[in-house]
Amino acid sequence: CRGGACAASPCVRSPRAAPVDGAPCSPPSRGAHEGTGCPRAAAPRPRRDEAPPPPQREAAAAAASSGALYGESSGPPARRGERAQLGNGVFLLLLLNLALFAADKLAGVQAVQSLYLNHAAPKWWQFVTCSFCHASWQHLSSNIFFVYVFGKLVEEEEGAFGVVFSYLVTGAGASLASFLLLPKTVAQGILGAAAATVSIGASGAVFGLFAIGVLLKLQLRWRKLLEVLILGQFVVERVMSEANAMAVAGKVGAGGINHVAHLAGALAGGAPHSAAQQGAAARRVRAPPGRREQGRGG
């Protein structure tokens, strides 16, 4: 067939063209039919609309299986990567704190003071906005440091929306507790003129991030348990210190430290999250076996 005509040869003609009698065969391909000198017919090429699966899918499967060996989550790596790329929640919180401090203390914008929580005549938004205002640079710097450290821990698990939502909820919970438990006015000056009590600072939200960050790491994996051991001892020490200080100095300590807000923020972060985890566990137990297995593999 290699130089002859296809009309008298027993070879299989190429599906691309049907040569007429006497026309030369198509170029020989690798391998030949047994007992003949004819080449095999070329395999049909895949259509353009039937492209092979991208290599990223195989790499994702390999990464998922390797992560499961080391105790990491076996979920889709692409989904975890997308969540990691959203890491703007903590930086948004830091930017808002820094911007309001600059406008209040450096630029002297009086409107910022309307964001303080005024216990004598509070506005509804002040329960949230007071968590972004600070009295001094020392007050701000210590808070934004812990927002960055523990906020990143929360954002790794819950994403940008999760850390912002946690900050707002725990900050509002701390503000509400302060409003309910602290006096509405305080005496100032020699004559004891009454002035409205004002609450500002991100400390309540910071203690909320303390609790949420530790609870999110509480999983039956040795790496997570090691993180809980390291972070948990710090958080427990801080909470116990605040409780002892409030027992000795009262609800508001020296320098205007609001111990009530600190403890309320930790409670606002820990209690709802624990209840949500217990509810999710109960739903998994009540789910049918097939559905539990399906969720376990996803």
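**View 1. Ser178 sits in helix 5.** This is a predicted model. Ser178 is buried because its relative accessible area is 1%, and the cut-off for buried is under 20%. Leaving aside neighbours within four places in sequence, Ser178 is in contact with His119, Ser199, Asn258, Val260 and Ala261. Thr197 is 19 residues from Ser178 in sequence. In space the two are 10.0 Å apart, C-alpha to C-alpha.

**View 2. The second largest pocket holds about 560 Å³ of space.** A total of 30 residues line this pocket. Closest to its centre are Ser199, Ile200, Gly256, Ile257 and Asn258. Two of these names also appear in View 1: Ser199 and Asn258 are among the contacts of Ser178. Rolling a probe the size of a water molecule over the atoms shows where empty space is left.

**View 3. Helices and strands both supply the lining of the second largest pocket.** Which elements each supply at least two residues of this lining? The helices are helix 5 (137–181), helix 6 (203–216) and helix 8 (259–286). The strands are strand 2 (185–188) and strand 4 (198–199). Helix 5 gives the most, with five residues. By residue class, the lining divides into 15 nonpolar, 15 polar and no charged.

**View 4. The largest nonpolar core has 28 residues.** Leu93, Phe150, Val163, Tyr167 and Phe210 touch the most other members. Two or more residues come from each of helix 3 (89–106), helix 5, helix 6 and helix 7 (222–249). Helix 5 gives the largest share of this core, 10 residues. In soluble globular proteins, nonpolar side chains tend to be buried together.

**View 5. A close-up of Val163 shows its contacts from elsewhere in the sequence.** Neighbours within four places in sequence are left aside. Val163 is then in contact with Gly89, Val90 and Leu93, and also with Gly151, Val154, Glu155 and Leu209. Leu93 and Val163 are both among the core residues that touch the most other members.

**View 6. Lys152 lies in helix 5.** Is this residue buried, partly exposed or exposed? Lys152 is partly exposed because its relative accessible area is 27%, between the 20% and 50% cut-offs. Not counting residues up to four places away in sequence, Lys152 touches Val90, Phe91 and Val147. Val90 is also a contact of Val163. Leu209 is 57 residues from Lys152 along the chain. Their C-alpha atoms are separated by 9.7 Å.

**View 7. Ala194 lies in strand 3 (residues 193–196).** Ala194 is exposed because its relative accessible area is 63%, and exposed means over 50%. Lys184 is 10 residues away along the chain. The C-alpha atoms of Ala194 and Lys184 are separated by 9.5 Å.

**View 8. Ala247 lies in helix 7.** Ala247 counts as exposed because its relative accessibility is 68%. Ala247 and His259 are 12 residues apart along the chain. Their C-alpha atoms are separated by 9.6 Å. Helix 7 is also one of the elements that give two or more residues to the largest nonpolar core.

**View 9. The whole chain sets these close-ups in context, with nine helices and four strands.** Read along the sequence, the pattern is α-α-α-β-α-α-β-β-β-α-α-α-α. The chain has 298 residues, and 33% of them count as buried. About 18,600 Å² is exposed by the chain. Carbon and sulfur atoms supply 63% of that area. How much of the contact set links residues 24 or more positions apart? Such residues account for 64% of the contacts with a separation of 6 or more.

Key:
Residues are numbered from 1 along each chain as its sequence is written. This is a predicted model: local features need pLDDT of at least 70, side-chain atom pairs count only at pLDDT 80 or more; totals for chains, interfaces and linings use all residues. Side-chain values use heavy atoms; hydrogens and water are left out. On a 1 Å grid over the protein atoms alone, a cavity is a set of points where a 1.4 Å probe fits but cannot get out, and a pocket is an open set with protein on both sides within 12 Å along at least five of seven lines; lining residues have an atom within 4 Å of a point. Grid points are joined across faces, edges and corners, and a volume is the space filled by probe spheres set on the points. Ala, Val, Leu, Ile, Met, Phe, Trp, Tyr, Cys and Pro count as nonpolar, Asp, Glu, Lys and Arg as charged, and the others, Gly among them, as polar. A nonpolar core is a set of buried Ala, Val, Leu, Ile, Met, Phe, Trp, Tyr and Cys residues joined through side-chain atoms within 4.5 Å. Buried means under 20% relative accessible area, exposed over 50%, partly exposed in between (1.4 Å probe, protein chains only). Contact means heavy atoms within 4.5 Å. Accessible areas come from the Shrake-Rupley method with a 1.4 Å probe; for residues, only the protein chains shown count as cover.
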